[in-house]
Amino acid sequence: MNSAVISNYGYDALFYHLQLKIFPATQEVEGQLVMEAKSEADGLATVPMDFYANLPVLNVGENAASFARSGNVLNLTLKQAFQRGQKFRVSVSYRGQPQSGGFGAFTFNTHSGAPIIASLSEPYYARLWWPCKDTPTDKADSVQVDLIVPDNLTGVSNGKLENVQSANGWKTFSWKERYPITTYLVSIAVSNYAELGETFTFTDGTAMPIRHYVYPENLASAQAQLADTRDMLAFFNHAFGDYPFKKEKYGHAQFAWGGGMEHQTITSIGGFGDGLISHEMTHQWFGDLITMKSWQDIWLNEGFASYGEALYIESRDGKAAYRNYMARFDHSYTGSVFVRDTTSVGSIFNITVYHKGAWVLHSLRHVIGDSTFFRLLRNYVADARYRFGTASTEDFKNLAENISGKELDWFFEQWVYREGRPDLRYAWKWESGQLIFRLQQTQSGNPYRLPLDLAAIAGTDTLRLALEHTGGFQEYRFAANKQITRVLVDPDYWVLKNLQQVDFNSLNVDGTMIPYTFALQPIYPNPFLLNQQPLLVNFSLGRNENVRLTVFNTLGQEIAILLVDRLTTGNHAQPWDGRHANGEPAPAGIYFIRLQTETAQATQRVVVLR
Ligand SMILES: [Zn+2]
């Protein structure tokens, strides 16, 4: 299958009303589609809609006079031409058996002898079962779906259930989605569902139904597994901002496919594991509220949703569980996170997009820091340019730069657009009060820019260090007066890499190594009595560079900035008078002095007495 995307439709789709009658016995659908749209061109006389050629069109109406078919495009000829900005309506009636495509698109199945009929249109297969402008960049303002099904079944779709009517052995379920929605998220699910529900109350007092439609034979197990839905929703509201469709509902409709699909307000789902539920729920923000601008940017949906799984685990089970979860996403990948070939389902929805995409966010969190990272996510969700619309990788990158104040081209280039990961070799030794750490990147192609943490362990003490490796061989020297017995590279597991420890001397093979000496001396004496004299911080630099010297408390809050300057090679000393930035004396206690340069960072702990 190829994408067959039409580049210029000439109109903006505003509203779809789909009436769909479903015949389980013959596996047919009978549809009546009305589209309201606005002309984007002067003299618009023909309206192209995406619609598969195998479904026979019975008639067309409203402003449409006739139709012609060209492959999987249905061209409607209008009764009159419309000018730019003018609204018009067209209708299309059809009946037939939808053919299969993509992840199935529209399937007739059974469970325990009962029918289950469901759609999964992503990426470009809505056109297999209803005529539409099938592109993610044109969201309809609202959609109505009337599902007409045999009266022993329940029909489920997006938004709110407005009406149910019975007549002559058929039941009509009228659903209305009043938030903007893209075509691949319009869904139906029909079965002999049992229903579960509860009310979720937002912090602003809004009450919203949570509604689950499950197979009757799975009711008991589903009830237990779905019990976490409320907690997840509360967590994601807190992390991202309120659930975007809170005037309607959230819920699940069980279907016959193994995974899940984040249909707007109603995820279709095969089973009820926490990972799957949290993944699809995260999509309501990232995928549904903000949809990727093109299928190349699909990591903005799938990387975010996969990362949502890890965030939920972190909130529930803590940091170690979060890191273990990210470890499941650390494996060999093929291709880049940014998708270059969007012609098949297999090339778009490859595991690199999901798992390395989640690692992009994880690593970004390390580069810009926790509070900035979550501020970025909330700002992204709240941004009127993207909310109820679409965003591209570059849009997200630009916002990340604005929010963090950091230039991040290098980050997105090496993690999103580039394939693979860095190969690192390292070695270290402790000698004469110094930790000497050597690092080399050996992968082919350009060096990566790698902010990398180190933990150097000396008995019961851990010296936390950070460096930024920009390629080649580099040697770093850190003052360490106690014997270092172990060095952990990236102890908190923020960076995707292949890592190998090698013999110390083997890493100085060809003389291209750039030595770099950098030391923050231990504070002495320690504990330090601050009433009598200022505390003197001694450090040395291996070259001329920009330096930032700060004091932190045990909560990680920066309480004083001692120095921001460009300094020369050699030894330096900077006093601290024991006061906060606002002039208040800092109380007795534990503090951390941090020296940050362009390439490295070191922290010393000091106990201050008064
Ligand atoms: Zn997903």
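Biologist: Which residue in strand 7 does Glu 62 stand opposite?

Modeller: Glu 62 stands opposite Val 90 in strand 7. Keep in mind that this is a predicted model. As a general idea, the strands of a sheet pair through backbone hydrogen bonds, in either a parallel or an antiparallel sense. Here strand 4 and strand 7 (residues 87-96) are antiparallel partners, joined over 5 bridges.

Biologist: What is the strand order in the open sheet of 7 strands?

Modeller: The order is 4-7-2-1-10-13-12, and the pairing is mixed. Strand 4 (57-62) and strand 12 (160-167) are the edge strands, each pairing on one side only. On average, neighbouring strands of this sheet are turned by 15° against each other, with direction ignored.

Biologist: How do I read backbone angles that look odd? Take Gln 27: where does it lie?

Modeller: The general idea is that most residues other than glycine have a negative phi, and most peptide bonds are trans. Gln 27 departs from the first habit: its phi is positive, about 55°, although it is not a glycine. Gln 27 lies in the loop between strand 1 (11-23) and strand 2 (28-39).

Biologist: And which residues does a cis peptide bond join?

Modeller: The cis bond joins Glu 122 and Pro 123, with omega about 0°. Pro 123 is placed in the loop between strand 9 (114-120) and strand 10 (142-150).

Biologist: Now the other sheet. What is the order of its 5 strands?

Modeller: This open sheet has the order 15-16-17-19-18, again with mixed pairing. Strand 15 (194-201) and strand 18 (260-261) each have a single partner strand and stand at the edges, so one side of each is left without a neighbour in the sheet. Strand 15 pairs with strand 16 (residues 207-214) in the antiparallel sense over 8 bridges. Within that pair, Thr 201 stands opposite Ala 207 in strand 16.

Biologist: Which strands of this sheet does helix 2 touch?

Modeller: Helix 2 (residues 229-240) packs on the sheet and touches strand 15, strand 16 and strand 17 (250-254). The direction of helix 2 makes about 35° with that of strand 15.

Biologist: How do I read a pair of helices? At what angle do helix 2 and helix 3 pack?

Modeller: Read the angle, the axis distance, the handedness and then the residues. Helix 2 and helix 3 (residues 274-283) pack at about 40°, and their axes are 11 Å apart. That angle makes helix 2 oblique to helix 3. The crossing is right-handed. Helix 2 brings Thr 229, Met 232, Leu 233 and Phe 236 to the contact, while helix 3 brings Ile 277, Ser 278, Met 281 and Thr 282. These contact residues divide into 5 nonpolar, 3 polar and no charged.

Biologist: And how do the axes of helix 3 and helix 4 cross?

Modeller: The axes of helix 3 and helix 4 (residues 299-317) come within 8 Å and cross at roughly 130°. Helix 3 and helix 4 are therefore oblique to each other. Helix 3 passes helix 4 in a right-handed crossing. In helix 3, the residues Gly 275, Ser 278, His 279, Thr 282 and His 283 meet a set in helix 4 that includes Phe 304, Glu 309 and Tyr 312. The residues of this contact count as 3 nonpolar, 8 polar and 1 charged.

Biologist: Last, the domains. How many residues of domain 2 are in contact with domain 3?

Modeller: The domain assignment gives domain 1 (11-192), domain 2 (195-417), domain 3 (423-517) and domain 4 (528-609). The C-alpha centres of domain 2 and domain 3 are 35 Å apart. At their contact, 10 residues of domain 2 meet 7 residues of domain 3. On the domain 2 side, the elements giving two or more residues are helix 5 (319-328), helix 7 (351-368) and helix 10 (409-417). Helix 7 supplies the largest share of that side, 5 residues. The side divides into 4 nonpolar, 4 polar and 2 charged residues.

Biologist: How do helix 7 and helix 10 cross?

Modeller: Their axes come within 11 Å and cross at roughly 160°. That makes helix 7 roughly antiparallel to helix 10. The crossing is right-handed. Val 360, Ser 363, Leu 364 and Val 367 of helix 7 make the contact with Phe 411, Trp 415 and Val 416 of helix 10. The contact has 6 nonpolar residues, 1 polar and no charged.

Technical notes: Residues numbered from 1 in each chain as written. Predicted model: local features only at pLDDT ≥ 70, side-chain atom pairs only at ≥ 80, totals over all residues. Pairing = 2+ DSSP bridges. Helix = DSSP H or I, 4+ residues; strand = E, 2+ residues; numbered from the N terminus. Contact = placed C-beta atoms within 7 Å. Axes fitted to C-alpha atoms, helices over the stretch in contact; angles between N-to-C directions. Domains from an automatic or database assignment. Nonpolar A, V, L, I, M, F, W, Y, C, P; charged D, E, K, R; others polar. Parallel < 35°, antiparallel > 145°, perpendicular 65-115°, else oblique. Left-handed = near helix turned anticlockwise from the far one by under 90°.
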